[in-house]
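Colleague: I would like to go through the labels used for this model. For each one, please set the value against the definition.

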Amino acid sequence: MTTTQAVKTVGLFLPNWVGDAVMATPAIRAIRRRFPRPTTLVGIMRPKMVELFAGTEWFDEIWPWEPTLLTGPHSQTKLVQKLRGRQLEILVLFTNSLRTALLAFLGRARRRVGYARDARSLLLTDKIYPRTEAGRIVPEPMVWTYLALAEAIGCPPESPHLELAVTPQEKRLAAEVLAKLGFLGNGPILGLVYAGAQGPARRWPVEYYLELARMVVRATTWQVLIIVGPDERSIGRQIEAEVSHPRVRSVADLPSLGLGLAKACLEACQVVISPDSGPRHIAAALGKPVITLYGPTDPIWGANPTVRTIDLFVELPCLGCLEAVCPLGHHKCMRELKPSLVFGAFQQVAEGFPCQWATFRAVDAGH
C-alpha cells in the first residue's frame with residue numbers, strides 16, 4: 001500500500017451532477033484527512049462545480065474540464081496533458097463512465113481507483129465491485145458508495161455528514177437579492193425549488209407549485225422564494241406572476257443564476273421543498289430541513305441518516321425507473337404527490353411540531 005508520507009499528489013475525478021457531487025463530500029473530507037498537506041489534493045470537476053466547492057478548503061488545485069470538449073483549456077486533450085505532467089500517485093474516480101477511466105489510463109495515473117462497471121475494469125488498478133443480485137446492481141445510498149472509494153485507499157470510517165460552505169461574497173449577494181425582493185426582516189422563508197435539468201419525469205407539475213405557494217401564503221406568514229436554474233427562468237416568472245402575492249417571489253430575473261447564488265439563497269431559507277435535484281442536496285449539506293419530492297428516483301440513493309428530510313414518494317411498481325420521460329405516460333410518481341400532502345409535511349416542520357425525520361409514503365395517493 002502507498003504510505004501517506006510517500007504520496008505527493010492525489011486526484012479526485014468528481015461526479016458530473018451537482019447532487020452527486022454534494023453526496024461525495026464526506027468521501028472528499030475523508031481523503032483530505034487521510035492525505036493531509038503537504039500532499040496536494042487535486043479536484044477534477046466540471047467548470048460549474050467550482051462555485052459549488054467555493055469556501056471549502058479541501059482542494060489545493062482545481063482542474064475544470066468539460067466531458068464533451070475535444071479542444072481548448074477545459075478539453076479532454078488538455079486534461080490528459082495535465083495528468084501526464086503531474087503523474088498522480090492516486091486518482092480516485094467518483095464517476096462510473098468508461099470515458100473517465102480511459103482518461104485516467106491515458107493520463108498515466110499510477111493507481112486508478114474506481115468501480116468495476118461499464119466495461120472499464122481493465123483500465124483500473126484498484127477495482128471496487130458493486131453489490132449485485134440477479135445481475136443487477138443493488139441500490140444503496142450514494143454517500144456510502146462514495147465512502148467506499150475513500151476506504152479503498154486507506155481512509156478510516158468517516159461520518160456521512162454532507163458539507164458545503166457559503167463564502168462571505170456569496171452571503172452578501174444573497175442579502176442584496178433578498179432585500180431587492182422585499183424579503184429581509186419580513187418573516188421566515190420557504191425555498192421552493194423547481195428543477196428539471198434531468199428531464200420531465202423529475203418535475204413536479206407547475207400547477208402544483210402554484211397551489212402549494214397559495215396554500216403557504218394564505219395559511220401562514222411565511223415568504224416563498226421560487227428557486228430556479230438558468231433553463232427554468234420562464235417557469236419561475238410564471239409561478240410568481242400567477243400566484244401574484246407580495247410574499248411569493250422568484251430569482252428568475254436575476255442576471256446570473258450560478259451555484260454560488262443558489263447556495264447562498266438556500267442558506268437564507270428556513271425550510272426547502274425540492275424534487276430530487278442538485279439544490280435539494282445543497283440545502284441538506286447546509287443543514288436545512290428539506291422536504292424531498294421523489295419521482296422516478298428510488299429514495300434509497302439519497303438516504304443519509306445525518307440529513308433532516310421528509311421524503312415523499314408514491315409506492316409504485318415502477319418506482320426507481322430513473323427514466324427522464326415517464327415510459328408509461330402517466331407520470332403518477334409525481335402527479336400523485338398532491339400539494340395538500342406536501343403542505344402537510346411543511347406544516348409539520350414549520351409549526352414546530354416534534355418532527356420525526358423519516359420517510360413518508362404516499363401509498364394510496366389519488367385513490
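Colleague: What makes both faces of strand 13 count as covered?

Modeller: In this predicted model, where local features need pLDDT of at least 70, side-chain atom pairs count only at pLDDT 80 or more, and totals for chains, interfaces and linings use all residues, strand 13 (residues 290-293) has V290 and T292 on one side and I291 and L293 on the other, all buried. Buried means under 20% relative accessible area, exposed over 50%, and partly exposed in between, with a 1.4 Å probe and protein chains only. Strands (E, at least two residues) and helices (H or I, at least four) are DSSP runs, numbered from the N terminus. Residues are numbered from 1 along each chain as its sequence is written, and side-chain values use heavy atoms, with hydrogens and water left out.

Colleague: How do you know that strand 12 and strand 13 pair?

Modeller: Two strands pair if DSSP finds at least two bridges between them. Strand 12 (residues 271-275) and strand 13 are joined by four bridges and run parallel, so they meet that definition. V272 stands opposite V290 in strand 13.

Colleague: Why is the crossover from strand 12 to strand 13 called right-handed?

Modeller: The term applies if, with the strands pointing away from the viewer, the path from the first strand over the helix to the second runs clockwise. Here the chain goes from strand 12 through helix 11 to strand 13, a β-α-β crossover that is right-handed.

Colleague: What joins strand 13 to strand 14?

Modeller: Four bridges join these two strands, which run parallel. T292 has D311 of strand 14 opposite.

Colleague: Why is the contact between R280 and D311 called a salt bridge?

Modeller: A salt bridge is a side-chain nitrogen of Lys or Arg within 4 Å of a carboxyl oxygen of Asp or Glu. For R280 and D311 the closest N and O atoms are 3.9 Å apart, so the pair qualifies. R280 lies in helix 11 (residues 278-285) and D311 in strand 14 (residues 309-313), so the pair ties together parts 31 residues apart in sequence. R280 is buried, at 1% relative accessible area, and D311 is buried too, at 6%.

Colleague: Which residues are joined into one network by salt bridges that share partners?

Modeller: R29, R33, E158 and E163. The structure holds 16 salt bridges.

Colleague: Are E133 and R131, which also form a salt bridge, buried or exposed?

Modeller: Exposed: E133 has a relative accessibility of 51% and R131 a relative accessible area of 53%. Their closest N and O atoms are 3.5 Å apart.

Colleague: What makes R111 buried?

Modeller: Its relative accessible area is 14%. The side chain of R111 meets that of D126 in a salt bridge of 2.8 Å, N to O. This pair links distant parts of the chain, with R111 in strand 5 (residues 111-115) and D126 in strand 6 (residues 126-128), 15 residues apart.

Colleague: Why is strand 2 described as largely enclosed by the rest of the structure?

Modeller: Six of the six residues of strand 2 (residues 40-45) are buried, so the description follows. T40, V42 and I44 point one way, and L41, G43 and M45 the other.

Colleague: Which strands pair with strand 2?

Modeller: Strand 1 (residues 9-13) pairs with strand 2 in the parallel sense over five bridges, and G11 stands opposite V42. Strand 3 (residues 61-64) pairs with strand 2, also in the parallel sense, over four bridges; there W63 is the bridge partner of I44.
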